[in-house]
Amino acid sequence: MAKFYSRPVIPLLIALVSGIYLGSEFPGYLLWTAGVLCMGVGLLFISIVRQRIAWASPLLVFVAIGYLSLQPWVFPKFPSHHIIHFLNTQRWDIGGIIDNRPLVFENRQKFIIRAEHLGIRGHVQPVTGKLRVTVAGEGPLFRIGDRVFLNSRIRSIRNFNNPGGFDYKRYMAFQGVWGTVYVQANHIKLLKNPSQPVLTQILNDARDRIAHIIEGTGQGPQIGVLKALVVGDRAAILHGTREAFNRAGVGHLLAISGLHIGIVATAAFIFFQRVLANIRPLLLRAWTRKGAALLSLLPVCFYGLISGLSPSTQRAVIMISVFLMTYLFEREHDLINTFALAALLILVIFPPSLFSISFQLSFSAVLLIIYGFTCLKHKRSRKQETNQHPGFVQVKNRLVTFFFVSVLAIGGTLPLVMLYFNQISIVGILANFIIVPLVGFIVVPLGLVAVFISAFCLKCAAWCFKACEAVLTLTLKMVNLFADLPFAAVKMFTPTVFEISCYYALVWALLSMVASQQTRTTQPAGGLQTPSDNGITVNHKAAKNSRFTCISFVKCLIADGLTYFKGSNSAIHRRKAVVVVVLFVLAGDACYWLYDRFWHKDLRVTIIDVGQGNAALLQLSDGYNILIDGGGFSDNSVFDMGARVLAPFLWRKKIKTVDTLILSHPNSDHLNGLIYIAEHFNVRNVWTNNEAKDIFGYRMLMEIVANNGIQLPIFEQLPRKQIINGVEINILYPQENFLKKKSTEKWRNSNNNSLVIRISLGSISFLFPGDIMAEAERETVEISNASLRSTVLLAPHHGSKSSSTSLFLDNVDPEVVVISSGWENSFRFPHPSVLKRYRHRGYKIFRTDTHGAITFRTNGQGLSIEPFCLEVNPSVKKYE
């Protein structure tokens, strides 16, 4: 227990994190948690009075504190004048103050406002709360602190409700934002706020002035990167540049975080320590390191302020400041305990930081670096350098240290990068080894020097910035060189929380084994046999000369694991046992996913929630996948449905190959989501009706199909009936010669030319009619007749009143109807008359705007239905 409390912050941090996580997963139990808190405080008080060691009560207190601290974000109590009470109603005159630095994109801006008042027809009332505002079109550039007036409807924040999807609603709630507003630039008025705080005004003016100096020194992609590194403005970074940095594995350099702040702190500490070492009174009082640490806080805080103090920058400043403050203590500080203290402080200040990607990446990297060097330090300290120049040895040691830092940082963040970005960089270690010193030790310090001297000499500052740009120009060439390699980066599956836990357990066990192995006494050469802790005799020379294979390694691990469970107390055997257990567990996990992907014999159909659009994934036996339509908005630069919704959904299911993409018709709400899938997944076939459309999305899809060598059969040559892995696929509509009739029959528009596809396994069938309307429904009935009858119908044209005619429904005669439409969409789909028609016929109705994604499973006889959002109707979990 004494050893447990040698690092007392760690158990308290674990308890706080546990409480925050429980508060996120099970919100609302305030009275119960308050009772637990009171009980913990009472037990702690009793332990203090009786002078006994308290170990359980402090943990109980911190768990309760963590739970309660998160409730204002996940279970808030809104006052009557909060903006959440005015969502999804009429249009309002809205007044507020911009609360964050606006994000500037091509032809649009995004920012958050603190709402001050709402008005309608001359009646104005004060309100509180934050709104996310999107301004479309060319207009004035907004700044933090500006007061704005606009007229718009306030919409609630919604998620795309798919398994494993990003929880955008919670993400905005952690920022205190509960509504969104969309407005054209000519419908928003700007009034500069004269009462802005003096310090905020000074910082904003300084940042604008520095950005203006940087922009005046030249042109090119290096300008946007330099602005991001110095003032934290990433809006000017080109999309291609951002992608190149990500593929090269150095994308973290574009966002000011712990790395940048840490480099500034290190450079400042070394500089001030050497300066203070020349001051004799400080040297005699051993205050050089303490003074250097205190003075280093100045450039750290200055860099944080001038870069805009984004949430990630704030956390980095706090973390580095805690590390620097530890030098004020006389005894040598424990890095792991200091690390835990920094994390504890950040979470106490802002509990939702736990769910921030930057927080998780920063602390996972730092933790593994600290723990890794703790495990490796004994081995490195035993190595003696002989017959080598001291300067050479010093440089070599620093390079080796930097290499291990890069390896450990990448290893510490690897599963989280896979979780959030689904991409790993193969060249990341080498790229970081070259790029990080250029950016971190040259560009950032020189940029800060330029910022400092800009107050005295603008020309000198411009020269410094030009020097930074020269280094960045070389850096960008190297980044592009790495990124252009065909093997630079690979897309990866999304790991589960269980798999991530196994990974970190395995890394901990392996590093601990290295540390334990190094503490053993080195045996003399000659093949001496020494007994191990468990009584097994080991011939070291034979073991050294034996050929190492994976099989022999696993056998040794199994033997050591069995020995441990028989009663060995050796630490290294305990670690090996953990390795054996984790490997066996991961093998079981792999078998589960192999069954889920390839060995299952049923048919699985998921109608994906893509808002106002259609997308359906069909998973056949033996791992054959079909994606029918992909949803999408009219402009992929605003929101890419394929990248943001479909790809994460597929990666979560461990799918990287889509055997067939089916495009029912070339409208953006069916087409645009397929573009990303065709480009980044292994797609073998694309089926369309070959009706071309002169829009950017269709041209892009056809270009990707041609460049990637994807098969695109001519519609007339597509078999009307195919059987793939036991599943029958029928193309029922349109006729082969529909394009010839299009010029004379005006009703044959893009919607009415949609592919109508029927999928069946045994007695269960699914009908996908695209966006056909009444005329096409009539012709489909005439052509197909009895072939239309299906168990499940995806409502044609999202349930519009121009579709779902009685003739069509009589012939399909479904038991279940699924409507894929956006929540409160501008088309008002599904139409009330269509819903009434469905209910009158007794169909079971599911809607993606209320139920989220709907998954069907069938073995050809029974049918089960699992909607993602069970809270809509808790009784609906399985329908057979």
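The protein chain folds into 28 helices and 26 strands, going by a predicted model. Of its 880 residues, 48% are buried. Among contacts with a separation of 6 or more, 70% are between residues 24 or more positions apart. Below is a quick tour, from the whole chain down to one well-covered helix and a handful of charged pairs.

**Surface**

- The chain shows about 43700 Å² of accessible surface.
- Carbon and sulfur atoms own 62% of that area.

**Helix H6 and what sits around it**

- Helix H6 spans residues 221-231, and 10 of its 11 residues are buried, so "mostly covered" is a fair label under the cut-off of under 20% relative accessible area.
- The buried set starts with Gln222, Ile223, Gly224, Val225 and Leu226, and it carries on through Lys227, Ala228, Leu229, Val230 and Val231.
- Note that Lys227 is on that buried list, along with Gln222.
- What do the buried residues of H6 pack against? The partners are other helices: H5 (198-215), H7 (239-247), H8 (258-276), H10 (288-306), H15 (428-453) and H16 (458-483).
- Just after H6 comes Gly232, with a positive phi of about 75°.

**Salt bridges, overall**

- Side chains of opposite charge can pair when their charged atoms come close.
- The count for this model comes to 21 salt bridges.

**Asp622 and Lys601**

- These two side chains form a salt bridge, at 3.7 Å from N to O.
- The pair links distant parts of the chain, 21 residues apart. Asp622 sits in the loop between strand S14 (615-619) and strand S15 (625-630), while Lys601 is in the loop between helix H20 (571-599) and strand S13 (603-607).
- Is Lys601 buried or exposed? Lys601 has a relative accessible area of 63%, so it counts as exposed, the cut-off being over 50%.
- Asp622 comes out as partly exposed, at 44% relative accessibility.

**Glu736 and Arg720**

- Here the salt bridge runs 3.6 Å from N to O.
- Glu736 belongs to the loop between strand S19 (727-733) and helix H24 (738-742), and Arg720 to the loop between helix H23 (696-707) and strand S18 (721-724), so the bridge ties together parts that are 16 residues apart in sequence.
- Glu736 is partly exposed, with 38% relative accessible area.
- Arg720 is partly exposed at 22%, a value to read against the burial cut-off of under 20%.

**Arg748 and Glu745**

- The side chains of Arg748 and Glu745 meet in a salt bridge at 2.5 Å, N to O.
- Arg748 is buried, with a relative accessible area of 2%, whereas Glu745 is partly exposed at 26%.
- Elsewhere, Asp99, Arg114 and Lys130 are joined into one network by salt bridges that share partners.

**Ala34 in helix H2**

- Where does Ala34 lie? Ala34 is part of helix H2, which covers residues 30-49.
- Ala34 is partly exposed, with 29% relative accessible area.
- Ala34 and Leu68 are 34 residues apart along the chain, and their C-alpha atoms are separated by 8.0 Å.

Methods: Residues are numbered from 1 along each chain as its sequence is written. This is a predicted model: local features need pLDDT of at least 70, side-chain atom pairs count only at pLDDT 80 or more; totals for chains, interfaces and linings use all residues. Side-chain values use heavy atoms; hydrogens and water are left out. Helices (H or I, at least four residues) and strands (E, at least two) are DSSP runs, numbered from the N terminus. Buried means under 20% relative accessible area, exposed over 50%, partly exposed in between (1.4 Å probe, protein chains only). Contact means heavy atoms within 4.5 Å. Accessible areas come from the Shrake-Rupley method with a 1.4 Å probe; for residues, only the protein chains shown count as cover. A salt bridge is a side-chain nitrogen of Lys or Arg within 4 Å of a carboxyl oxygen of Asp or Glu.
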